[in-house]
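This report describes how one protein model is put together, beginning with its strand pairing and moving on to its interior. The sequence and structure come next.

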Amino acid sequence: MRIVRLVGAACLATLLAGCGATAEPKLSVVASDTNPTVGQMARTLDAAFGDRRTWPNGLAITLSQPRSTTPSSSAYPQAARAAVFELTVENGTASTYKPSQLALKATIGGQPAQEVVDPAQGLGGYVAAQEDLAPGKSVQLTVAFAMPEQPTGLRVLVLPDVVDAVPAVAFAGTA
């Protein structure tokens, strides 16, 4: 009877330990311009910088290759350098897209990377997109993230619609 209790306690401890585990967010896959097969899409969670991703409803997002810049003295936050990207949103849907529902989250080695806002260099961030985007129209936003002095791996999670829980895509590479 004692062995049964010990086994039961071990199973319960394992179950409870699993409940507190954290994991990377699971991303829903979206189509790329190269038209991968269903099997390829199931394995593709990340996109490279410069790739274009299209959602089934027709919304498409491209995050350019990064360029490096030194933030000005008026930038927030202050950083050794900033990785700057052009984020292009194309509304191929049948309805108006609200860029205010867009969210970006960047990480370096699993740690959050802050978005750099630097008006002196035209870096207003993705929140600068306030006008609704009519079907067939596109908008380009300049976004930047605080980076260490040396190039390193960066992952940018793009959530196109946090209100309606539209699937996200992660762009990754060296910046």
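In this predicted model, strands β6 and β9 lie antiparallel to each other and are joined by ten bridges. One position in this pairing is R81, which has M147 of β9 opposite it. β6 covers residues 81-91 and β9 covers residues 138-147.

β6 also pairs with β4, again in the antiparallel sense, through five bridges. Here T62 faces T88 of β6. A further antiparallel partner is β5, made up of residues 67-69, which shares three bridges with β6. Within that pairing, T69 has A82 of β6 as its bridge partner. The table lists these pairings of β6.

| Strands paired | Sense | Bridges |
|---|---|---|
| β6 and β9 | antiparallel | ten bridges |
| β6 and β4 | antiparallel | five bridges |
| β6 and β5 | antiparallel | three bridges |

Why is β6 described as largely enclosed by the rest of the structure? Buried here means under 20% relative accessible area. Nine of the eleven residues of β6 are buried, so the strand is largely enclosed by the rest of the structure.

The next topic is the nonpolar interior. In soluble globular proteins, nonpolar side chains tend to be buried together. The largest nonpolar core of this model has 33 residues, and the members that touch the most others are F85, L154 and V156. Strands that each supply at least two residues of this core are β4 (59-63), β6 (81-91), β7 (103-108), β9 (138-147), β10 (153-159) and β11 (169-174). The largest contribution comes from β10, which gives five residues.

F85 shows what surrounds one of these core members. Apart from its neighbours within four places in sequence, F85 is in contact with residues including F49, L63, P66, L141, V143, F145 and L154. Its contacts also include S64, Q65, T142 and A175. A second core, separate from the largest one, has seven residues, among them A82, V84, L123 and A144.

Some totals place these details in the whole chain. The protein has two helices and eleven strands. Read from the N terminus, the order is a helix, a strand, a second helix and then the remaining strands. Of its 175 residues, 35% count as buried. Among contacts between residues at least 6 apart in sequence, 65% join residues at least 24 apart. The exposed surface comes to about 10,100 Å², with 57% of it supplied by carbon and sulfur atoms.

Technical notes:
Residues numbered from 1 in each chain as written. Predicted model: local features only at pLDDT ≥ 70, side-chain atom pairs only at ≥ 80, totals over all residues. Heavy atoms only, no water. Helix = DSSP H or I, 4+ residues; strand = E, 2+ residues; numbered from the N terminus. Buried < 20%, exposed > 50% of the residue type's maximum accessible area, 1.4 Å probe, protein only. Contact = heavy atoms within 4.5 Å. Areas by Shrake-Rupley, 256 points an atom, 1.4 Å probe, with all protein chains shown as cover. Core = buried A, V, L, I, M, F, W, Y, C linked by side-chain atoms within 4.5 Å. Pairing = 2+ DSSP bridges.
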